[in-house]
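Reader: Before I rely on the terms used for this protein, I would like to see how each one is justified. Could you take me through them with the model in view?

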Amino acid sequence: METVQRAAHEIFGAAFSMPRQIIDEVLCDGTNDKESIIEICIEFSKDKAVESKAEFLKSLYKTDGKGFIFDGRKVSAWWNADGIRISYGDTANINTAQLISWEDAAKRIDELLDLGRFAPKDTLLQMDKYEYDKVADRFIELNRNLNYDDFPELKSVVKEEWLDGVFPDKTERMASFLKTSDGLDEIKTVTQKLCDMYAENKDIVYYSYNNPNIVNGMLADLYITRKTFAAQELTYTPPERFISNDEINQLFQRGSNISESKYTIYTFFDAHSDKAERIKFLKDHYGIGGSYTGLYNEDHSAKGIVF
């Protein structure tokens with residue numbers, strides 16, 4: 001599909017190009033995570049190489065999509081490791097969709113930030129607090145993830161006073177400490193020592209998803225002199241939205257919440273072609289339930305699926 005799409009763009013050129021305004025609107029709306037725009041603003045303020053920004057975007061966006069309505073016309077966006085595909089209609093997973101590479105997306109976001117068009121002022125004003133709170137939280141969570149039972153020597157590395165108290169007070173206290181030069185240096189030194197210990201034995205943490213190397217990188221970024229941005233708007237008014245067929249397809253491709261659900265559904269459909277039997281099977285298989293991922297809500301019952 002990728003080869004066909006690129007060939008079509010080379011042959012037909014502008015016939016497959018989306019208006020720049022629509023591309024900008026899609027970029028300025030971010031992912032389905034409500035914090036994605038401020039995350040992008042913070043990362044781009046570090047003014048790293050465009051390749052680094054592109055990798056960040058690819059990691060942030062993952063695989064997902066959105067449906068927009070611009071001037072009464074549906075526009076679908078779908079993104080994955082290749083970049084962001086944008087097309088008129090209910091799906092962007094078609095050969096004629098325009099593919100915006102992550103590097104091109106990074107370059108355009110840079111331009112929009114410089115023009116003051118990427119994010120509103122109320123988002124930009126929250127950047128500093130958001131980043132320090134996030135790093136403080138990750139450092140605190142890292143210490144909760146340390147295996148003190150099997151490695152009691154860890155207690156001599158981390159000061160107990162840093163972990164005292166309850167949320168959100170301890171986060172605010174740690175964030176304030178990180179904003180001081182001495183505080184940041186001390187926390188960075190401690191985290192580097194934890195990194196060295198982690199390199200020798202991965203078992204010093206219970207779960208690798210929040211290990212010292214991750215937190216150490218976040219702390220290192222706090223030393224970077226930041227680029228500042230202006231904003232043309234005070235707040236952001238999102239465009240009208242709809243749920244695209246790509247999003248619906250992804251929902252079904254996951255199956256239900258039951259273990260081995262996709263295989264169970266596949267084997268039943270493979271053996272039963274009658275529509276009524278398939279409907280009854282799906283009602284029984286899905287039952288009553290739902291899920292919330294932080295990005296969407298899904299509920300199912302005998303009546304069907306609400307997404």
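Author: What follows is a set of questions and answers in which values are set against definitions.

Author: This is a predicted model, in which local features need pLDDT of at least 70 and side-chain atom pairs count only at pLDDT 80 or more, while totals for chains, interfaces and linings use all residues. Residues are numbered from 1 along each chain as its sequence is written, and side-chain values use heavy atoms, with hydrogens and water left out.

Reader: How many helices and strands does the protein chain have, and what makes a stretch count as one?

Author: The protein chain has 13 helices and eight strands. A helix is a DSSP run of H or I with at least four residues, a strand is a run of E with at least two, and both are numbered from the N terminus. Along its principal axes, the C-alpha trace spans about 65 × 50 × 35 Å.

Reader: Why is Leu222 called buried?

Author: Buried means under 20% relative accessible area, exposed means over 50%, and partly exposed lies in between, with a 1.4 Å probe and protein chains only. Leu222 has 9% relative accessibility, and therefore counts as buried. Its place is in the loop between α10 (212–221) and β5 (240–242). Of the 307 residues of the protein chain, 42% count as buried.

Reader: What does Leu222 touch, and how do you know that these are contacts?

Author: Contact means heavy atoms within 4.5 Å. Not counting residues up to four places away in sequence, Leu222 touches Glu131, Tyr132, Val135 and Leu184. Leu184 is 38 residues from Leu222 along the chain, and their C-alpha atoms are separated by 8.3 Å. In the protein chain, residues 24 or more positions apart account for 62% of the contacts with a separation of 6 or more.

Reader: Which residues of α10 are buried, and what covers them?

Author: In α10, the buried residues are Pro212, Val215, Asn216, Met218, Leu219 and Asp221. Their cover includes α7, α8 and α9 (181–200).

Reader: What makes α3 mostly covered?

Author: Ten of the ten residues of α3 are buried, including Ile40, Cys41 and Phe44. The buried residues of α3 pack against α2, α4, α5, α6 (121–124) and α7.

Reader: What makes a group of residues a nonpolar core, and which members of the largest one touch the most others?

Author: A nonpolar core is a set of buried Ala, Val, Leu, Ile, Met, Phe, Trp, Tyr and Cys residues joined through side-chain atoms within 4.5 Å. The largest has 35 residues, of which Phe44, Leu57, Ile84, Ile86 and Phe118 touch the most other members. Two or more residues come from each of α2 (20–28), α3 (36–45), α4 (50–61), β1 (64–70), β2 (73–80), β3 (83–88) and α5 (102–115). Apart from this core lies another, of 27 residues, among them Phe139, Ile187, Met197 and Ile204. In soluble globular proteins, nonpolar side chains tend to be buried together.

Reader: Is Ser256 buried or exposed, and what makes its link to His285 a polar contact?

Author: Ser256 has a relative accessible area of 10%, so it is buried. Ser256 is found in the loop between α11 (245–253) and α12 (261–271). A polar contact is a pair of N or O atoms within 3.5 Å; within protein, one must be able to donate a hydrogen and the other to accept it, and residues adjacent in sequence count only if both atoms are side-chain atoms. The side chain of Ser256 makes such a contact with the side chain of His285 at 3.1 Å, and the side chain of Ser256 also reaches the backbone nitrogen of Ile258 at 3.2 Å.

Reader: Why is Asp47 called partly exposed, and Asp71 exposed?

Author: Asp47 has a relative accessible area of 46% and is therefore partly exposed, whereas Asp71, at 84% relative accessibility, counts as exposed. Asp47 is in the loop between α3 and α4, and Asp71 is in the loop between β1 and β2. Asp47 has a positive phi of about 55° although it is not a glycine, and Asp71 likewise has a positive phi of about 55°.

Reader: Where is there a cis peptide bond?

Author: The peptide bond from Phe167 to Pro168 is cis, with omega near 0°. Most residues other than glycine have a negative phi, and most peptide bonds are trans.
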